[in-house]
Each structure stands twice: as structure tokens, then as C-alpha cells.
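Me: Hi! Could you walk me through this structure while I have it open?
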Amino acid sequence: MARPSEPRKGADSVTLVTEERRPAPDVPGTAAGQRRTGDHGAWFLVLPALLPILVLSVGPLLYGILLAFTDAQSGRTAPTQWIGGLNFRDLLHDTLFWESFRIGLVWAVGVTVPQFLLALGLALLLNQNLRLRWLARALAIIPWAMPEVVVGIMWRLVYNPDAGILNETLRDVGLGDGRHWLSGLATALPAVIVVGVWAGMPQTTVALLAGLQHTPRELHEAAAVDGAGAWRRFRTVTWPAIRPIALAITALNLIWNFNSFALVYVLTSGGPGGRTRLPMLFAYEEAFRYGQFGYAAAMGCVMVAVISVLLAVFLVGRLRGGDDA
């Protein structure tokens, strides 16, 4: 019986293998050409969204960084000059700015922590099978739908020392004649923190409620069958499911609260005696009240650097295993 012919070895086979492994050119109509064309098409689709970010966010940020190294002032006829790091040197010795920075940290933490705890409790409650749950959920997000200026005006009426509902309630129950909540040195910052918690809690509630609704009920039922109580079910089932959302919304709230401006400006304008002067308020006064644009821009650079560090710490924590928890 004749043996089947074997493929011829030598230069021809080497050439054949080489030709098979050679990548196909990006010819239109081929898979590689379609992929290259698709990449260009994706950039054209993303470009309308990138342009507003570049024009309204990145551009002003770069201009502000550049302005921080100049002596720019309002109303001066002399041209703006480059002064290097003099603004940052003066900022290091500005005790008023660092005091406002300390107040900003107290405000950010004092608002973010109660905001999260109250929002978590409210989200757990709204996740239950309650009567008129849809109405309770609608009422819970009303503060989120209100502009910060309106919230500030409303709470100024609540805190009014003469006819405010808070002092009137205290008088009715016999707890004194009321206090000047927003003008007292000891009560101004706590009073503003209460407003910040009330105004920001709905957003955190909605985020946590979305996480709770995506938690399989079968896990809770299985844990209940095994004899786990409410606290143990929360610790072993609920919290691991919503932990990534909780970490993300807490980090965002910390950044947003540190950058707060409108709410505190309407309530106290930074008073009394600077007790509620947040860093953003301090920079605003330096720029638009005293006309020191370069110095105010240096303050903004410091705040951006601090926020970037906080965000980097959060992202590093997530990359080290936060998402897997």
C-alpha cells in the first residue's frame, strides 16, 4: 500500500509559516480596517461630551493655576506680572486661611458622617414593605430637589431669633426664650452643619436605597432560616452588598461638602467672626471683595491639591481590595 505523501519540508514550508503569521494589513473592509474606522467613529461620538469639559472645567483650572503665580488684582492699571511662588509663600503664613481650612474640615466631616448614618437608616426603612412607601420615598427626596439658596433662606427663617419656628417651639415647651442660632459664636457652626445634613441626606439615601434593592432577598431569607438576627443579617448580607456604594458616595460627599459655598453663604456669609468661613468663602472674599485674584487663585490651587490627595487615597483603597469586599 502506498504511503500518503508528506508535506515537503524546507524553504517553502518556512515561507508558508511566515506568511500565515504575518499580520493582515489595515485594508478597508477587513476586520482590522473596520476596527480602526470604529475607533475614529468612537472619538467623534465622545468629542461633543469632551468639549464642554475641556472648555468649562479643564481650561478654567489651568488658567487658575497660571493666575496663582501672578499678582493679578482688580482695578489696577499696571500689567499683571509673574511673581512665582510668592502667593503660596504668603499663604503658608496666613493664619486666617488655615483657620478657615480647619473649619472646612470640621464642616465636611461633621456633615458627611451624620449624613451617611441617617441616610443609611432611612434607606433601610424605605426598603421595607410599608404602606404608602411610594409617598414616603417621594417626600424623602424633596430637600434634594430644592436649590441651595432656597434651602438657606428657609432655614434662616427657621433659625430666626424672634419669630423662627425653632425658638417658638422652645418657648412653648418651656425651654427658655430661644437663642440667636446663626449669630452666636458657639452655635453658628453646629446650626449650619444641621442644615447641611438635612439638605444632603436625600442624595445619599437614594444611592444606598438603590444598592439595597439590588441585594437578593434570598440571601436574607436564608440567613433568617439559619437563625441570624437583624444585626447579623445586616453585617453579613446587607453591608457587604452596599459597601462599594457606601464608600463611593461617602468619598463624593466629603469632597462636595468641603467645597460648599452657596448654602453657608446664604446662611451666615462666613460669620459670626469667621466661625463659619469655609475655605471657598475665604477665597471668594479675597477675589471679589478685596480684588486679590492671584492670591485667591493660590488658595484654590491648595484646595484642589488637598481634594486630589483625598481622592487618590480613596482610589488606592479601592484598588487594594475595596471593590472585592
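Reply: Happy to! One term before we start: the helix axes I'll mention are lines fitted to C-alpha atoms over the stretch in contact, and their angles run from 0 to 180 degrees between N-to-C directions. Also, please keep in mind that this is a predicted model.

Me: Thanks. How many helices and strands does the chain have?
Reply: The chain has 14 helices and zero strands.

Me: And what share of the residues counts as buried?
Reply: Of its 325 residues, 33% count as buried. As for contacts with a separation of 6 or more, 65% are between residues 24 or more positions apart.

Me: Let's look at helix packing. At what angle do α4 and α11 cross?
Reply: Roughly 145°, with the axes coming within 10 Å. Helix α4 covers residues 95-126 and helix α11 covers residues 230-258. The crossing of α4 past α11 is right-handed.

Me: Which residues meet there?
Reply: On the α4 side they include Phe 101, Trp 107, Val 111, Phe 116 and Leu 124. On the α11 side, Phe 234, Trp 239, Ile 242, Asn 253 and Phe 258 are among them. Sorted by type, the residues of this contact are 15 nonpolar, seven polar and no charged.

Me: I spotted plenty of rings. How many aromatic pairs are there?
Reply: The count comes to 18 aromatic pairs. Take Tyr 159 and Trp 181: their ring centres are 6.4 Å apart and their planes are at 40°, so this pair is tilted. Tyr 159 is in the loop between α7 and α8, while Trp 181 is in the loop between α8 and α9, so 22 residues separate them.

Me: Are those two buried or exposed?
Reply: Buried, in both cases. Tyr 159 has a relative accessible area of 6%, and Trp 181 counts as buried at 18%. The cut-off here is under 20%.

Me: What about Tyr 265 and Tyr 284, how are their rings arranged?
Reply: Those rings are edge-to-face, because their planes are at 75° and planes over 60 degrees apart get that label. Their centres are 5.6 Å apart. Tyr 265 belongs to helix α12 (residues 262-267) and Tyr 284 to helix α13 (residues 279-288), so the pair ties together parts that are 19 residues apart in sequence. Each is partly exposed, with a relative accessible area of 33% for Tyr 265 and 30% for Tyr 284.

Me: Which residues form an aromatic cluster?
Reply: Phe 97, Trp 98, Phe 101, Phe 258 and Phe 282 form one. Phe 101 and Phe 258 also turn up in the contact of α4 with α11.

Me: Back to Trp 181 for a second. Which charged end sits over its ring?
Reply: That of Arg 179, which is placed 5.9 Å from the ring centre.

Me: New topic: backbone oddities. Where is there a cis peptide bond?
Reply: Between Gly 271 and Pro 272, with omega at about -5°. Pro 272 is in the loop between α12 and α13.

Me: What is the phi of Ser 269?
Reply: It's positive, about 55°, although Ser 269 is not a glycine. Ser 269 is also found in the loop between α12 and α13. With a relative accessible area of 37%, Ser 269 is partly exposed.

Conventions:
Residues numbered from 1 in each chain as written. Predicted model: local features only at pLDDT ≥ 70, side-chain atom pairs only at ≥ 80, totals over all residues. Heavy atoms only, no water. Helix = DSSP H or I, 4+ residues; strand = E, 2+ residues; numbered from the N terminus. Left-handed = near helix turned anticlockwise from the far one by under 90°. Contact = heavy atoms within 4.5 Å. Nonpolar A, V, L, I, M, F, W, Y, C, P; charged D, E, K, R; others polar. Phe/Tyr/Trp six-rings, centres within 6.5 Å; stacked < 30°, edge-to-face > 60°. Buried < 20%, exposed > 50% of the residue type's maximum accessible area, 1.4 Å probe, protein only. Lys NZ or Arg CZ within 6 Å of the ring centre and 35° of its normal.
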